[in-house]
Amino acid sequence: MEYRFKLPIILLTIAGVLLTTYNIVNYDSGTTATMLLPTLRTLGDTIEVSDPKDRLIFIGDVHGQFNEFKEMLDTKIGQIDSHTTVVLLGDFLVKGPDSDKMVDYVTSHQDHVKFVFGNHEVLLFLAFVSEHLGMADHLAFTTDKQFPPRTFKPPKKLHKELVKKLGPERLHKLASLGSVSLRFDLKLTNETLFAVHAGMLPGDFINKDQVPPIVELVDMKYVDQENWTQSAREEEDVKHSKRWYKLWDDCDDKFSNITVLYGHDAKKGLNLRKHTKGLDSGCVKGGKLSALEYRYDADSHKYTTTLHQVQARTHI
């Protein structure tokens, strides 16, 4: 009699535990992309440059062209010592043949090689999360917990294939070390350099209430000049369209000490302006890999820039 009384209670308890576990698993599957990847940083820690011997080298879109990248380092940049910081401006992966070598290099030289995520790195992360959680529309950034918006194109076959080739450990390490943007404060001249992939607007990260959306930083080419909250990759997708970097030409007085270095725009190509430096010169399409070096000149008390380029030997 006692056994018959306890058995239904035991069965109900087990059923309750199973139901609770099921609900937790299903609830988490839609909200825990961070179980696979860390929360991606929108803006990395500010890097202060105060030693006159320090130099910064910003490199445009490599797109997995490891041979050209190494040629740049070996023949143009020279020894990467304690006074040298190399900064990759996003899209250093995908399309070319050696994305795995690029990942291994940047993650094993993290003290001297920094990088920002481009749209292709973000697409890799999306493809990775989609493969393991079945959710192609969710990444968590420090300023955006529900990325991407509907305007951001989904991963393609080449992203999914590269995810399998790189594997979870590489992708997790890449996500942990990088950020969407970086800030460099040049203490000797009171200048600030921002590194992003696609671009940023005057006041972004400077004005306290002006935090740019992720899609702007990784995919923007055009902006509505009458409503800066509206930006797009394609000109026809935004009203009153204007190239984002031209807005900086109109804000010279207010942001005279700020420069934005970026890639992303191979169609426009090398585009060196006063406040914006575009360094995507179509390496993966048979063009050139471009780098811009900042070095302090003690005589003029200013930073000078030197353009380095290598011709692509292979292309898609």
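Visitor: Hi! Which way does α3 cross α5, left-handed or right-handed?
Guide: Hello! In this predicted model, α3 passes α5 in a left-handed crossing.

Visitor: And what angle do their axes make?
Guide: They cross at roughly 25°, and the axes come within 10 Å. Here α3 covers residues 99-108, while α5 covers residues 157-177.

Visitor: Would you call that roughly parallel or roughly perpendicular?
Guide: Angles under 35 degrees count as roughly parallel, and α3 and α5 are therefore roughly parallel to each other.

Visitor: Which residues make the contact?
Guide: From α3 you have S99, D100, V103, D104, V106 and T107. On the α5 side look for L162, K165, L166, R170, K173, L174 and L177.

Visitor: How many of those are nonpolar, polar or charged?
Guide: The contact of α3 with α5 has 6 nonpolar residues, 2 polar ones and 5 charged ones.

Visitor: New topic: sheets! What order do the strands take in the one with 5 strands?
Guide: The order is β5-β4-β3-β16-β17, in an open sheet with mixed pairing.

Visitor: Which strands are at the edges there?
Guide: Those are β5 (113-115) and β17 (302-311), and each pairs on one side only. From one strand to the next, the twist averages 20°.

Visitor: Does a helix come into this? I mean, which one packs on the sheet?
Guide: That's helix α2, residues 66-77, and it touches β3, β4 (84-88), β16 and β17. The direction of α2 makes about 130° with that of β17.

Visitor: Back to the strands: how many bridges do β3 and β16 share?
Guide: They pair over 5 bridges in the antiparallel sense. Strand β3 spans residues 55-59, and β16 spans residues 288-297. To spot the pairing, find R55, which stands opposite R295 in β16.

Visitor: What holds paired strands together, anyway?
Guide: Strands of a sheet pair through backbone hydrogen bonds, in either a parallel or an antiparallel way.

Visitor: What about the sheet with 3 strands, what's its order?
Guide: This open sheet runs β11-β10-β12, with antiparallel pairing.

Visitor: Why is one side of β11 and of β12 left without a neighbour in the sheet?
Guide: Because β11 (227-232) and β12 (241-243) stand at the edges, each has a single partner strand. The twist in this sheet averages 40° from one strand to the next.

Visitor: Last one: how many bridges join β10 to β12?
Guide: There are 3 bridges, with β10 (residues 222-224) and β12 running antiparallel. One pair to look up is D224 with its bridge partner S241 in β12.

Conventions: Residues are numbered from 1 along each chain as its sequence is written. This is a predicted model: local features need pLDDT of at least 70, side-chain atom pairs count only at pLDDT 80 or more; totals for chains, interfaces and linings use all residues. Side-chain values use heavy atoms; hydrogens and water are left out. Axes are lines fitted to C-alpha atoms, for helices over the stretch in contact, and angles run from 0 to 180 degrees between N-to-C directions. Helices (H or I, at least four residues) and strands (E, at least two) are DSSP runs, numbered from the N terminus. Angles under 35 degrees count as roughly parallel, over 145 as roughly antiparallel, 65 to 115 as roughly perpendicular and the rest as oblique. A crossing is left-handed if the near helix is turned anticlockwise from the far one by less than a right angle, and right-handed if clockwise. Contact means heavy atoms within 4.5 Å. Ala, Val, Leu, Ile, Met, Phe, Trp, Tyr, Cys and Pro count as nonpolar, Asp, Glu, Lys and Arg as charged, and the others, Gly among them, as polar. Two strands pair if DSSP finds at least two bridges between them.
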